[in-house]
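Subject: Structure for you to look at

Hi,

Here is the structure I promised to send over. Please open it alongside this email, and my notes follow below.

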Amino acid sequence: TNCLTMVWRLFKNLSEEQQRYEKQLIFEHPAFVELCQRLLRDARRMMRGDLVFSLHALVNLGVPQNTLLVQTLVRVCQEKLNQFDNRCISVLATTLSGMDKDKNVNALQAGLQLLVEQRIASIRDIFILHNLMKCMGRDAPVFLKKKLEMAVLKEIDHLTFPNALRMFLALVAMNYCSIPILNACSKKIQEHIHDVPFRQLIVILDACCSLQYRNVKLVSALADYVNSTACIWDKRQIMLFLSACETLAFQPTELMGIFAEKVTEDPEFLNLKNLMIVLRVYSRLNYVPRDQKHLFFETLHSCLNKFLPQISNTELLKAVYSFCILGYLPNHALDTLMQKDSRNELLLSDDLHKEQKEIMLHCVKVCMELDSPSFTKPAFVLTKDSSSLVSLNLRKAREALIELLGDENMFQQNVQLPYKYHIDFEIKMDSDRKKVLPIPATDDHTDSSVHRLALLFVPPSAFCLGSTHPQGKLAMKKRHLNKLGYHVILVLNKKFQEMTNEDAVEFLKGKIYPENPSPPSEVTMQDNN
C-alpha cells in the first residue's frame, strides 16, 4: 500500500505528457506486476485503511476497472464496509466518484450510501463531508442531501478557504443548491479573494451558474479582483472570465471596457472561436465602450471579414446576429449572409436548431431595416389588439391603469406591432405628456400631437444580474420601439407584483406623468450603459 500510494503521489505531480510515458513504464515494470499479484492474493487479509488506499491508488494510476485486481478489491470493500471508519469512507467515496458504473461499483455505492445515512450524525470533518457529498452525486435521495447539508451547517464555523472552494464543487456534484452553505462559502472566498487561482475563479462562476445561485456580492468581488489585476492576466484569460460572467448574465462594466481596449490595440489573438465568444458576450450583456464604440465595432468587423471564406453558415448567422443586437450592421458579412439566405443554405430542413435560426434571421432582417441610417420614423404605425385577455402576471398592472386613468378605453393591451414586436400596454398622450387620450379619439389627432407610450413588464432575467441594465435582446427591442416612435417604459414585473395596489398606482403615475417630460429620443447603447 505504501509503495502504491507513493507511486501515485509522484505520478499525479507530472505533466500529462510525462504521465503517459511514466504510466507505460510503471505497467511494464516487473516489480509492478509482482506487486499487483501480491495485492490480489492478500486482498482479504489487508487492513481496512490499506485496502481503500490501494484501491484509490490503482484507480488513479489508470489500472483498467475491468481487471480482476480492481474488481476483487471492490468486492472486498463491499464485504468489509461496516468495518470502515470515517476516514476510510471518505477515501472510498473519492475513489468511487472517479469510477465508471458497473455491477460491483453500483452495489458498493449503494452500500456506502446506507452506511453514510447511519454514520452521518457522527461525522464532524467538513473535508470528509465534502467527499461524501461529491460521491453521493445527483442521484442521492433528497433526504440524504438534506442530512448532508445539516451536517455541514453544524460545522460551518470551522469552514476553511480551501474547503469553501471544494464545497462549491460538491454541491454541483449533488446538484443541490444549499443557500446557507453557499453563502458561507461565498463569504470565505471573498475574505481570501487574492488567494484564488485564476482557474478557480472560472470554476466558481460555473458552479454559480449550474446551481442557479445568484450572489451579486460574490460575482462583483471576483470581477473587481480580476479588474484590479488585469495587467497580470493575458487576453485569453480575461475573455474566459467574461464568458463565465455572461453565463450568469453579469456585466462587469469596467473589465469589459479594459478588455475592449486590449482588443482594439491587438486584435491578432482573435481567432474565429475567440471572436465568436467576444461577440456573444458583448451582445448578450449589451455593452459597447463609450469612447471607442466605432473603433471597437470596426476591429471586430475586420476580424470577421478575414474568416468569411471558411466560416460555417451557422457561425456567420450568429456573428451577424450579435452585431445586429448591438445596433451595428456589418455590411460585408450581411451581404454574404443574405446571399446564402437567398439560396436557402441557412435553414436546412433537418436542422435541429432550425426554429432558433429562423428567429435570429428574422432579427437580422428587422435590424437591417430599422437600424439603417436611411430609416425614418413612420408617420403611422399599424397596431393590432391581439386579445382582450390579460395574462395573470399583468392583471395587477391592468387594474392599476384603470384606477389611474379611470377607464380601460384609455389604453390598449396585448398590442401587436409590425416586425413581430409586442407590447403589454400602449398609452397615447398629448405632445406635452400631460393628458392621456382615449384610444378611439386619437384618430382625430395628427401624429405630431400624439405621444405614444409602450409599457413593457419584463422578468428579472431580461436584465443583467443585480441591475436594471437591459440585456441585448431587450435593449434591441427598446431601440426599435423607439425608432417606431414609442417612448418605452420598462417595469421589473417581479418588484411590481410585490407592491401594494396603492403603491402600484403611484409608481405608474410617476412613469406616465413625468415632472419634466422629454420627447422620445433614440435609445443608444451609451444611454443603456
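First, one to try by eye: is Leu240 buried, partly exposed or exposed? Leu240 is partly exposed, because its relative accessible area is 30% and the partly exposed class runs between 20% and 50%. Leu240 sits in helix α14. Its C-alpha atom is 9.2 Å from that of Asn274. Along the chain, those two residues are 34 positions apart.

Please keep in mind that this is a predicted model.

Overall picture

The protein has 529 residues. It contains 25 helices and six strands. Its radius of gyration is 30 Å, while the globule rule gives 24 Å for 529 residues, so the protein is more spread out than a compact globule. The C-alpha trace spans about 100 × 55 × 50 Å along the principal axes.

Half the chain is tucked away: 50% of the residues count as buried. The exposed surface comes to about 26,500 Å². Carbon and sulfur atoms supply 51% of that area.

What about contacts along the chain? Taking contacts with a separation of 6 or more, 74% are between residues 24 or more positions apart.

On charge, I count 63 positive and 59 negative side chains. The centres of the two sets lie 6 Å apart.

The annotated domain

UniProt has one annotation to flag, "domain: RAP", from an unreviewed entry. The record places it at residues 453-510. In the model, that stretch is 48% helix and 22% strand. The C-alpha atoms at its two ends are 13 Å apart.

Two backbone oddities

Two residues have a positive phi without being glycine. One is Ala249, with phi near 60°. Ala249 is in the loop that links α14 (235-247) to α15 (253-265). That puts Ala249 in the loop after the helix that holds Leu240. Ala249 is buried, because its relative accessible area is 9% and the cut-off is under 20%.

The other is Arg433, where phi is about 55°. Arg433 also lies in a loop, here between β3 (422-430) and β4 (436-437). How much of Arg433 is accessible? Its relative accessible area is 4%, so Arg433 counts as buried.

Two more loop residues

Val63 is in the loop between α4 (48-61) and α5 (68-80). Val63 is buried, with a relative accessible area of 12%. Which residues does Val63 touch, leaving aside neighbours within four places in sequence? The contacts are Phe27, Phe32, Leu58 and Val70. Glu191 is another matter: its C-alpha atom is 41 Å from that of Val63, and the two are 128 residues apart in sequence.

Pro141 is in the loop between α8 (126-136) and α9 (142-154). Pro141 is partly exposed, at 23% relative accessible area. From Pro141 to Leu329 is 52 Å, C-alpha to C-alpha. Along the chain, that pair is 188 residues apart.

Best wishes

Conventions: Residues numbered from 1 in each chain as written. Predicted model: local features only at pLDDT ≥ 70, side-chain atom pairs only at ≥ 80, totals over all residues. Heavy atoms only, no water. UniProt positions renumbered as here; feature names shortened; annotations may be inferred. Helix = DSSP H or I, 4+ residues; strand = E, 2+ residues; numbered from the N terminus. Rg over C-alpha atoms; globule rule 2.2 N^0.38 Å. Buried < 20%, exposed > 50% of the residue type's maximum accessible area, 1.4 Å probe, protein only. Contact = heavy atoms within 4.5 Å. Areas by Shrake-Rupley, 256 points an atom, 1.4 Å probe, with all protein chains shown as cover. Lys, Arg positive; Asp, Glu negative; His and termini not counted. Charge placed at Lys NZ, Arg CZ, Asp CG, Glu CD.
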